Amino acid sequence: MSDTVIQNHEPNYLEYKGRYKGIFAWIFSTDHKRIGLLYLYSMLVLFSVAAILGLLMKIELIAPGKTIMDAQTYNSFFTLHGITMIFLIVVPGLPAVFGNFFLPLMIGAKDVAFPKLNLLSWWIYILGAAVALSSQFFGDGPPDTGWTFYAPYSFRTGTNMLPAVTGAFILGFSSIATGINFIVTIHRMRAPGMTWMKMPLFPWALYSTSWIQVLATPIVGVTLLMIVLERTMQIGFFDPALGGDPILYQHLFWIYSHPAVYIMILPAMGVISEIIPTFARKTIFGYKAIVVSTLAIAFVGYFVWGHHMFTSGMSGTALYTFSILTFLVAIPSAIKIFNWVATLHKASIDIQTPFLWALCFLFVFMIGGLSGMVLGALSANVHLHDTAFVVAHFHFIVFGGTGYAFFGALHYWYPKMFGRMYDKGWANIGLAVFFTGFNTLYLPMFYLGMIGMPRRYYDYVEEFHGPNIVSSFGAMLMISGLVIIITNLVRSARKGEIAEADPWKGKTLEWTTASPPTLENFDEIPIVTKLPYDYE
Amino acid sequence: MSNYAHIDEHRDDEGAKIGMWLFIFTELLLFGGLFIVYSVYRYINPEAFHLAAEELDTFTGTVNTVILLVSSMTIAMSISSIQYKNKKLTLILMGLTILLAAVFMVNKYFEWSGKISHGIYPGSPTLMEASQGEILFFGLYYAMTGLHALHIIIGVAFIAYVMRLVVKNEVQHDNFTILENSGLYWHLVDLIWIFLFPLFYLIT
Amino acid sequence: MEKEQHTHIVKYKTYIFVLIALLFMTFASVAITSINLGPYTVSAALLLASIKSILVLLIFMHLKFDKKFYGIMAASVFLLLACVIFITFLDYLYR
Ligand code: HEM
Ligand SMILES: [Cu+2]
């Protein structure tokens with residue numbers, strides 16, 4: 001079989017010649033694989049910028065008082081850092097990069113359902129990014145509200161809010177377009193024989209994620225629109241002086257943004273569900289339980305938004321309801337952890353870089369999830385809300401969850417995407433440095449939060465100095481790890497060894513194609529008869 | 001099973017329709033956000049909403065409701081008529097839909113400009129002196145009917161584009177999903193108005 | 001290619017009946033709200049609006065003739081929105 005592939009060697013997706021030349025062959029390509037890479041490159045650039053902002057903030061916090069920047073600069077840094085990381089990287093991240101690239105491959109399709117819409121959604125993404133970032137360069141100074149744009153400050157502040165809010169609004173359309181595309185693709189384009197219960201878990205995760213993207217994003221869209229109206233004409237929706245209720249803004253914002261954290265984490269869980277069985281050489285434990293809990297998370301996750309508002313002055317009834325629902329949503333997440341660990345039980349594990357990323361994911365995700373339970377408890381939340389504890393929680397979950405899964409996915413699918421293998425030694429060293437740095441950076445912040453250090457300040461009292469030094473040192477270590485990881489990957493894309501089609505002995509459909517895949521993905525559309533992780 | 005064939009087929013009607021429905025859901029939730037705001041503020045300011053709603057002309061509102069309902073029927077009929085292979089009637093029905101939409105917009109224009117000439121618009125001095133509930137009512141009135149009007153314009157553009165396809169015979173009795181989709185969009189516009197009408201014009 | 005979804009042609013007559021029903025309900029809601037029913041006015045108007053929208057969804061938007069799957073999706077979306085409004089009101093009702 002492999003002989004025939006070599007004989008009539010079709011050009012792979014990186015080489016083929018289309019209608020356009022040079023860079024246009026990429027930015028006008030409707031091939032889902034090229035679009036996935038377009039997203040990957042855009043995000044790597046944005047991620048580097050936002051990571052450097054983060055590092056600078058940590059350097060500012062290495063000592064009390066002004067170290068390298070003043071208060072207003074710090075405010076604009078955490079705002080830009082948040083907007084970029086949330087709206088431009090972790091929300092679109094896994095679906096746009098790995099969903100685009102691997103969803104069609106994993107379900108045995110030639111492309112997504114609407115390839116042109118797919119390209120359009122990348123263009124909208126770039127447009128939204130450009131508009132949001134333009135806020136930095138003109139007007140009366142960069143935005144300083146934080147990524148949450150809370151009313152009434154967001155329309156009172158003199159800084160240049162409009163482009164930031166409009167940019168986030170535009171990005172919503174990109175997210176919706178991807179969501180619609182994936183849902184239709186999964187409904188209509190699965191290979192013959194691939195029933196719903198034979199679909200791999202990453203596509204399942206993308207499916208629930210897409211539903212959240214479709215059903216939650218419009219709410220934040222219209223909310224941001226209201227902020228724009230509020231700023232341009234006094235419409236009064238959230239302005240207490242005109243009768244509006246600022247807490248209603250928080251409701252609307254979190255009605256989207258809590259489900260949005262599931263947009264971030266569900267695909268990450270999907271990635272881990274792919275990596276673990278491949279390296280455990282075992283079928284995943286409790287496939288159905290994982291599917292059901294994926295859908296349950298998506299559903300219940302819609303009704304817990306109020307846990308971000310426990311101290312806002314909501315009614316008592318609302319407080320109890322949201323707290324109970326928040327505890328409920330942790331159950332399906334915990335089910336997944338048990339499934340993954342049970343899969344590892346008595347397996348003959350092949351320890352490779354992607355597997356190590358998955359293990360580290362389990363570790364940090366558990367810490368993040370458990371700290372979420374602490375925050376979900378009303379009494380604890382009153383003490384911890386808006387402290388460094390919250391910052392540690394969501395970095396453990398968003399960076400530790402989605403970020404680790406992103407790098408795990410990159411190391412897992414890299415040979416398929418580029419047809420080459422990275423240097424495994426350097427990859428493991430990078431991970432070790434990064435992981436050490438990550439924990440040194442964020443663990444002290446739990447402690448700092450508990451002893452009362454508020455978030456979003458450039459300064460602090462002397463008592464907080466010690467842990468902050470540790471934390472800032474961790475930031476530098478972590479960034480060094482990132483540099484090693486990324487350099488290794490970039491270098492190997494040209495110089496790495498040629499990879500086989502199935503280097504990890506994976507069983508899902510993407511491993512049956514050539515590395516890198518051809519334009520049409522499959523010479524012949526596969527017919528599926530087995531369960532996805534069939535290692536018997 | 002037809003599963004195998006549709007992968008190579010370029011055309012997937014069912015897929016296009018699912019896509020359209022998903023898009024409609026996003027539009028519903030977009031307005032859903034505004035309905036949440038409306039219901040909260042109405043709950044907080046029942047008296048002021050009552051008073052403010054009396055300022056609006058029920059007659060114009062009713063006329064516009066009738067117009068939209070009729071236009072919804074004409075576009076629905078155009079789908080039947082294309083299936084009966086009656087191209088001319090299809091075009092007439094679609095044209096009628098656009099015409100009715102235009103009448104709706106003209107009505108809306110007079111309604112809005114009447115209000116504005118009375119000094120009632122967001123941020124106007126008259127409104128700033130009114131009670132907070134009234135400020136909110138009119139803010140919502142302009143935002144919701146304005147967004148709705150924007151959707152009318154998009155719907156008209158969509159239908160006009162499909163009309164061109166019908167003229168060029170690119171939409172025919174066995175290939176009319178895009179006509180169906182433009183119809184779905186138009187019904188969405190109608191659906192939203194069905195709720196806007198009682199909430200703004202009738203709750204006096 | 002699945003064609004069966006298109007074999008059903010809705011008769012013009014059906015549409016006309018639906019329109020008449022819709023217009024009737026519109027006028028009914030105008031009439032009801034002009035006589036003062038106190039707090040029931042809003043509920044009556046909204047009830048009629050809901051019936052109208054169900055008619056539009058079922059007949060004009062073909063949910064009645066399409067595969068069940070579309071209807072289920074649409075119903076779930078409305079249910080979701082209702083739940084969200086309900087939960088939001090847990091705050092405002094008891095504040
Ligand atoms: C075990 C499940 C989880 C629970 C119980 C939980 C609970 C909470 C609570 C109560 C807060 C509010 C803290 C405060 O501001 O006082 C919070 C904040 C946050 N959570 Fe979680 N969470 C969980 C999972 C997640 C996941 C999966 C993500 C994202 C992938 C996430 C991302 C965030 C973010 C970004 C914030 C901070 C938002 C901000 O104020 O900027 N959480 N979490
Ligand atoms: Cu949350």
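A polar contact is a pair of N or O atoms within 3.5 Å; within protein, one of the two must be able to donate a hydrogen and the other to accept it, and residues adjacent in sequence count only if both atoms are side-chain atoms. Keep that definition at hand for the tour.

The model on screen is predicted, so local features need pLDDT of at least 70 and side-chain atom pairs count only at pLDDT 80 or more, while totals for chains, interfaces and linings use all residues. Residues are numbered from 1 along each chain as its sequence is written, chains are lettered from A and ligands numbered from 1 in the order in which they are written, and side-chain values use heavy atoms, with hydrogens and water left out.

**Stop 1: ligand 1 and its iron atom**

Select ligand 1 and then His385(A), where a polar side-chain atom lies 2.5 Å from an oxygen atom of the ligand. Add Arg455(A), which places a polar side-chain atom 2.9 Å from an oxygen atom of ligand 1, and Asn381(A), whose side chain has an N or O atom 3.0 Å from an oxygen atom of ligand 1. These three, together with His393(A) and Ile397(A), are the closest of the 21 residues that surround ligand 1, where a residue is near a molecule or strand if one of its heavy atoms lies within 4 Å of it.

To see the shell as a whole, colour it by class: 11 of its residues are nonpolar, nine are polar and one is charged. In this scheme Ala, Val, Leu, Ile, Met, Phe, Trp, Tyr, Cys and Pro count as nonpolar, Asp, Glu, Lys and Arg as charged, and the others, Gly among them, as polar. Helix H10 (246–280), helix H13 (353–376) and H15 of chain A each supply at least two residues of this shell; helices (H or I, at least four residues) and strands (E, at least two) are DSSP runs, numbered from the N terminus.

Which residue is the only protein donor of the iron atom of ligand 1? Select His393(A), whose NE2 atom is at 2.2 Å from the iron, and follow the backbone to find that this residue lies in helix H15 (residues 388–418) of chain A. Donors here are N, O and S atoms within 2.8 Å of the metal (3.2 Å for Na, K and Ca), and water is not among the atoms, so sites may look incomplete.

**Stop 2: the copper ion**

Now move from the iron atom of ligand 1 to the copper ion (ligand 2), a separation of 4.4 Å. The protein donors of the copper ion are His258(A), through ND1, and His307(A) and His308(A), each through NE2, and they lie 1.8 to 2.1 Å from the ion. Because His258(A) lies in helix H10 and His307(A) in the loop between helix H11 (287–300) and helix H12 (316–344) of chain A, the pair ties together parts that are 49 residues apart in sequence. Are His258(A) and His307(A) buried or exposed? Both of them are buried, where buried means under 20% relative accessible area, exposed over 50%, and partly exposed in between (1.4 Å probe, protein chains only).

**Stop 3: the largest cavity**

Next, display the cavities, each a set of points, on a 1 Å grid over the protein atoms alone, where a 1.4 Å probe fits but cannot get out, with lining residues that have an atom within 4 Å of a point. Grid points are joined across faces, edges and corners, and a volume is the space filled by probe spheres set on the points.

The largest cavity has a volume of about 900 Å³. Among the 46 residues that line it, select His81(A), Met85(A), Phe394(A), His395(A) and Tyr442(A), which are the closest to its centre. H15(A) gives the largest share of this lining, 10 residues, and by class the lining has 34 nonpolar, nine polar and three charged residues.

Stay with His81(A), which is placed in helix H4 of chain A and counts as buried at 16% relative accessibility. A polar atom of the His81(A) side chain lies 2.9 Å from the backbone oxygen of Ala50(A).

**Stop 4: the second largest cavity**

The second largest cavity has a volume of about 160 Å³, and its 16 lining residues include Phe87(A), Val91(A), Pro92(A), Leu171(A) and Ser175(A), which lie nearest its centre. H8(A) supplies the largest share of this lining, six residues.

**Stop 5: chain B**

Finally, select Met20(B), found in helix H2 (residues 13–44) of chain B and buried, with a relative accessible area of 10%.

Key
1 Å grid on protein atoms, 1.4 Å probe; cavity = no way out; pocket = protein on both sides within 12 Å on 5 of 7 lines; lining within 4 Å.
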